[in-house]
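Let's take a friendly walk through this model together. Have the sequence and the 3D view ready.

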Amino acid sequence: MILRSSYFMLKRMLRGYVGLVMLTVLPLALITVLGLIAGNGVDEKLGIPIMDGIAITMVFATQLFGGNYSMEYIISDLLSSNKWRMNSLPYNSSIHAFAIVLSCTIFTALQGLVIVLFTQWVYGVNWGNIGLVIVVLLALSTLSHLAFVVLVLWMKNHKTAGNVSTWLGLISIVLAGVWFPMPETGILSVISTYGNPLSLSQNAVYAIITGDGISRGIVSVVILIASSLLMGIVATYLGRRKLA
Amino acid sequence: MAIAHMKNIVKRYGANLVLDHVDLDIAEGEILGLLGPNGAGKTTLIHALAGLISIDTGDIQIFNKQQKSNLMDIKRQIGLVTQDITIFGDLTARENLEFFGGIYGLRGKELKERVDETLRFVGLTEYSGKLPTKFSGGMMRRLNIACALVHRPKFLIMDEPTVGIDPQSRNHILETVRKLNRQGTTILYTTHYMEEVQAIASRVVIMDQGHVIAQGTIEELVEKIQHEEKIKLEVMEPTEALLEKLRRIDGVKDVSLRGKEILIISRVGAGNLDRALSVAKEAGGVRSVNAEKPTLEDVFLTLTGKSLRDGGEE
């Protein structure tokens, strides 16, 4: 049943043109424009082309908002009036929720992979090890989707849950120093390096590309995966309470 | 034989007692009309019957099985047509049916045939490849019904399936309900349109404030209040003095004025039609007179003190 539900979820997502534009077309457009502005410039701190840094940051930053897919479908199918139909079926609604999260996670990770491959082949962006990139994409996508699901299952007001999840994504981008540099000492530095999903993803990929900070990269991947598992446990607990 | 049996059902939401020791049997093969004003508990009763909500006390058996311990099995054999449209707007009509049919265990050739058959049954074959967002209200209602029929349920629960649609679509849906029943499906049908119940129901249950207050065929229910008749007099000069004189006639229960039309509720057999005409003629003349047998609307009004359409539906 999970595979069956996932198949129909994929059809639904492919017809959601807004999502496709926001998570694939828009990031590609921004990478293109910002890359043109950056030209052949090199990031002094990392020692990699600025274009590469832009592409890496944009792909992972986009993943932070991919959880909207899961959130919207959980609300639509299981928390709105549709729930009466779904609950009348000989089908556990928790399984449907799992199918939603599984298919949406893979779908958004694939969207990220499309951008990765496009930028690699067309713009010559060096992503290092594509296998690692896929692992990071999947871990980040899983974390994003589960975090959004936890919020919508925990909060009574769905709109508030949506707003909170958007703000968490933006805060993550700020903490990663994308818009302005973060302090390099103190607690903020630790949070900036290891305390937000965007930085963790960047750490992993930069470690492979530059050869520096390998241990930081490994720790980052471990934290990403562990956070996803923890979020999965919380989502399962909240799901059993709210959807049973 | 009862296809569904509910005994002593109690359901509270906080301090609000929504179902108050409700007993209800639904016979195999019948169309049972469930009527009640806003807040009567009809939707809660349906949700309890379909296993969507738990009950505080009571016993529910469907297909001779305890609902609690056989819920999934029971759900495979019932269909629920919800009051709201609950289809996937981003899947085509055919895909919606394929999804739901698959949940009910249909696969491969059997699923395809069943989907085709259901689309034909509700008259949506031509639109099978289109998204419901392109449908009219009536078409969406038909697809809403189709999703509950694809697996050929033995027992179909329909919660106000014709809300907000045009008369032509409504008639199509009522004809669909009759066809299904002729094919052997037992149907529980809630509505606040009296004419729908009169058109299709073999038996009617009237609910109010969490209780079943009357049940039976339409004829049996009308018999209950056969002790009353309705007389409508359109007079030249309706005055308070005339109304007072009519009220004082022996056997008259109620007199009310609507414009120039006086409505008199009187005991049957009291011979009040002649008396009322005499009084009205003396007071200035009568333009028209009409004596009516009680209808289901009257049964409802008598038993609940409310018009069915007061305040809409829950």
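In which crossing, left-handed or right-handed, does α6(A) pass α11(A)? The crossing of α6(A) with α11(A) is right-handed (the near helix is turned clockwise from the far one by less than a right angle; anticlockwise would be left-handed). Contact here comes from A:Ser93, A:Ser94 and A:Ala97 on α6(A), and from A:Gly239, A:Arg240 and A:Leu243 on α11(A) (residues are in contact if their C-beta atoms, placed from the backbone, lie within 7 Å).

Before going on, please note that this is a predicted model, where local features need pLDDT of at least 70, side-chain atom pairs count only at pLDDT 80 or more, and totals for chains, interfaces and linings use all residues. Residues are numbered from 1 along each chain as its sequence is written, while chains are lettered from A and ligands numbered from 1 in the order in which they are written.

Chain A has 11 helices and 0 strands (DSSP runs, H or I of at least four residues for helices and E of at least two for strands, numbered from the N terminus). Some overall values for chain A follow.

| Feature of chain A | Value |
|---|---|
| C-alpha box along the principal axes | roughly 60 × 40 × 30 Å |
| Share of the 244 residues that count as buried | 42% |

Buried means that 20 or more other C-beta atoms lie within 10 Å of the residue's own, with C-beta atoms placed from the backbone.

Chain A also meets chain B: the contact takes 15 residues from chain A and 17 residues from chain B. On the chain B side, α3(B) gives the largest share, 4 residues.

How values were computed. Contact = placed C-beta atoms within 7 Å. Buried ≥ 20, exposed ≤ 12 C-beta atoms within 10 Å, placed from the backbone.
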